[in-house]
Amino acid sequence: MSNDNFGISEALKALGIKAENSGSSTGTKWLGSKGELIESYSPVDGKLIGKVSTTTEDQYEEIVKTAEEAFKSWRLIPAPKRGEVVRQIGEELRKYKESLGKLVSYEMGKSYQEGLGEVQEMIDICDFAVGLSRQLHGLTMHSERPNHRMYEQYHPLGIVGIISAFNFPVAVWSWNTMLAWVCGDVCIWKPSEKTPLCSIACQNIITKVFEANNVPEGVSCVVNGDYKIGQLISSDKRIPLVSATGSIRMGKKVGEAVGARLGKSLLELGGNNAIIITENADLEIAITGALFGAVGTCGQRCTSTRRLIIHDSIYEDVKNKLTNAYKQLRIGNPLDEKNHVGPLIDKDAVKMYENALEAVKAQGGSIILEGGVLSGEGYESGCYVKPVIAEASNDLQIVQEETFAPILYLMKYSTIDEAIEMQNGVVQGLSSAIMTTNMREAERFLSHQGSDCGIANVNIGTSGAEIGGAFGGEKETGGGRESGSDAWKVYMRRQTNTLNYGTELPLAQGIKFDF
Ligand code: NAD
């Protein structure tokens with residue numbers, strides 16, 4: 001079935017996507033197309049969707065200067081008024097939910113339902129940020145000196161650079177920007193070069209709101225290109241905070257460049273997430289959670305389930321149930337809602353999947369449900385692969401790495417301590433889960449002797465977080481936190497204020513200095 005039957009042309013038109021688009025914007029103004037063109041091909045059908053011009057160094061300079069100027073006036077607007085702009089963006093996103101969800105699905109390859117879910121996350125974070133705009137509060141403390149008052153306040157930082165990954169091509173931008181904007185910051189976004197059209201669509205959606213509210217040019221900037229434009233951002237002293245989402249390899253480079261100039265970085269990097277299935281698990285919940293976690297988004301979520309650590313008494317049962325469930329999966333066009341699994345992002349990703357399967361065999365693991373690249377009608381893009389189940393021990397090199405594809409490793413344990421040690425026995429620390437109806441096992445897993453990840457769930461899989469909680473992971477996942485809870489504090493600088501309303505000048509710690 002042609003993708004036009006799924007309304008792709010209408011969606012592109014509604015979002016203002018043209019055959020050739022400028023990739024550089026200062027908010028409501030697109031700069032001229034000067035740089036090389038990125039061609040965005042859909043992994044769904046292999047067709048060219050559109051082209052986007054990359055940002056040249058001159059354009060980058062113009063954008064940073066405009067953002068610096070914008071910051072001077074944006075920070076003067078009261079936070080609740082900035083929140084009102086974000087509220088209106090949330091309303092626009094509601095109007096464009098279907099078209100943007102479709103573009104996300106068509107450009108990135110995730111299912112239409114997941115595309116809609118991603119836009120819903122954007123709407124949710126707008127709502128969250130609106131409330132937050134009236135709650136950017138610090139603490140007050142009692143001073144040790146008489147007639148003194150001490151408190152802390154949070155001030156905006158300046159320009160926030162946002163480098164994002166292909167797999168959440170719109171939500172990650174909104175988690176960062178909506179909070180940064182209510183905090184009084186201005187943003188420069190560099191999307192993934194694999195999903196540039198999503199950035200054009202988001203920018204077009206906010207334009208009307210920015211114009212209607214006279215938001216200064218420079219509050220919401222977009223630059224496009226590959227890692228080189230990302231490097232400009234990470235080494236730019238004018239950008240106090242760089243929020244980078246992507247692979248550990250990228251995060252180490254960005255962290256080093258930002259650290260070398262003593263800037264702040266917020267790193268959201270790769271995961272290697274496991275579910276422990278104990279002998280006390282509700283197996284129906286466990287199998288469904290594992291299945292969605294492992295094959296959803298074709299295994300291309302940072303929180304995808306990569307390892308199942310199963311109690312030896314139920315190992316064979318889980319393995320059989322899961323294998324049967326995998327056999328029911330329908331792989332195909334993600335816009336067609338009867339399919340469960342869409343394509344990988346591109347042919348490089350397919351190559352990585354194939355290499356990983358070779359490595360599993362070479363390193364002593366065994367494949368129990370074979371993979372393969374699909375071809376023929378409906379699979380013309382060459383990006384559709386079969387989800388794989390393998391048995392492998394936790395210490396295999398390939399199991400220790402994050403392969404961004406639907407490959408699930410099964411392994412056995414006999415004591416809960418052993419299971420937790422295996423779950424923690426990787427360099428990444430993003431998401432984790434235990435499936436159990438036993439209170440002792442659940443609490444043990446959540447305790448300080450339990451999971452070492454930023455996210456630890458009970459009777460829920462590893463993927464699919466809500467925006468209300470702080471999102472992020474430990475160890476080589478980078479330690480960053482985004483979205484809910486008090487993640488907003490990263491986007492502001494904290495200032496401690498001590499105020500003397502007395503007639504004397506007592507020094508702290510009782511120090512005498514008679515003059
Ligand atoms: P990637 O690391 O290849 O690219 C991510 C972004 O970084 C892109 O915009 C890219 O252009 C840029 N980049 C690459 N090298 C750079 C450099 N040296 N300096 C500055 N920028 C650079 O990642 P990807 O393939 O797009 O995404 C998949 C990865 O992202 C996976 O590892 C996944 O786990 C991770 N991810 C993590 C989270 C999270 O919240 N923890 C969320 C989504 C994706």
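Buried here means under 20% relative accessible area, exposed means over 50%, and partly exposed covers what falls in between. Every view below comes from a predicted model.

**View A. The ligand sits between two domains.** Domain 1 (3–269 + 478–495) and domain 2 (273–471) both give residues to the shell around the ligand, so the ligand lies between them. There are 28 residues around the ligand, and those that come nearest are S164, E193, S247, L269 and E402. Sorted by character, the shell has 12 nonpolar residues, 10 polar ones and six charged ones. Two helices are worth picking out: helix 8 (227–234) and helix 9 (248–260) each supply at least two residues of this shell.

**View B. Polar atoms of S164, E193 and G246 line up with ligand oxygens.** Start with the side chain of E193, where an N or O atom is 2.7 Å from an oxygen atom of the ligand. Then come two backbone cases. In S164, a backbone N or O atom lies 2.8 Å from a ligand oxygen, and in G246 a backbone N or O atom lies 3.4 Å from an oxygen of the ligand. As for cover, the ligand on its own has 850 Å² of accessible area, and the protein covers 91% of that.

**View C. E193 also pairs with K190.** Stay with E193, one of the residues that come nearest to the ligand, and look at its salt bridge to K190: the closest N and O atoms are 3.5 Å apart. Which of the two partners is buried and which is partly exposed? K190 has a relative accessible area of 3%, so it counts as buried. E193, at 32%, is partly exposed. Those accessibility values count only the protein chains as cover, so the ligand plays no part in the 32% for E193.

**View D. E69 and K72 form a salt bridge along helix 2.** The N-to-O distance between the two side chains is 2.8 Å. Why are E69 and K72 about one helical turn apart? Because they are three residues apart in helix 2 (residues 57–74). Both ends of this pair fall in the middle class of accessibility: E69 is partly exposed at 48%, and K72 is partly exposed at 43%. The pair is one of 26 salt bridges that the structure holds.

**View E. Four charged residues join up in a salt-bridge network.** The members are E61, K65, D236 and R238. Zoom in on the R238–D236 link, where the closest N and O atoms are 3.0 Å apart. D236 has a relative accessible area of 8%, which means that it is buried. R238 comes out as partly exposed, with 26%.

**View F. N147 and K475 have positive phi values.** Some background first: most residues other than glycine have a negative phi. N147 goes against that sign, with phi near 55°. Where along the chain is N147 placed? Its place is the loop between strand 4 (140–142) and strand 5 (148–156), and N147 is partly exposed with a relative accessible area of 41%. K475 is the second case in this view, with phi near 50°. Here the setting is a strand, namely strand 20 (residues 474–475). K475 is partly exposed as well, at 36%.

**View G. S174 and S243 are two buried serines.** Take S243 to begin with, which is found in strand 9 (residues 241–245). Its relative accessible area is 0%, so S243 is buried. What does the side chain of S243 make a polar contact with? The partner is the side chain of E482, and the contact is 3.2 Å. S174 lies in helix 6 (residues 171–183), and with a relative accessible area of 0% S174 is buried too. For orientation, I17 is 157 residues away from S174 along the chain, and the C-alpha atoms of these two residues are separated by 19 Å.

Definitions and conventions. Residues numbered from 1 in each chain as written. Predicted model: local features only at pLDDT ≥ 70, side-chain atom pairs only at ≥ 80, totals over all residues. Heavy atoms only, no water. Near = heavy atom within 4 Å. Polar contact = N/O pair within 3.5 Å; in protein donor to acceptor, adjacent residues only side chain to side chain. Areas by Shrake-Rupley, 256 points an atom, 1.4 Å probe, with all protein chains shown as cover. Helix = DSSP H or I, 4+ residues; strand = E, 2+ residues; numbered from the N terminus. Nonpolar A, V, L, I, M, F, W, Y, C, P; charged D, E, K, R; others polar. Domains from an automatic or database assignment. Buried < 20%, exposed > 50% of the residue type's maximum accessible area, 1.4 Å probe, protein only.
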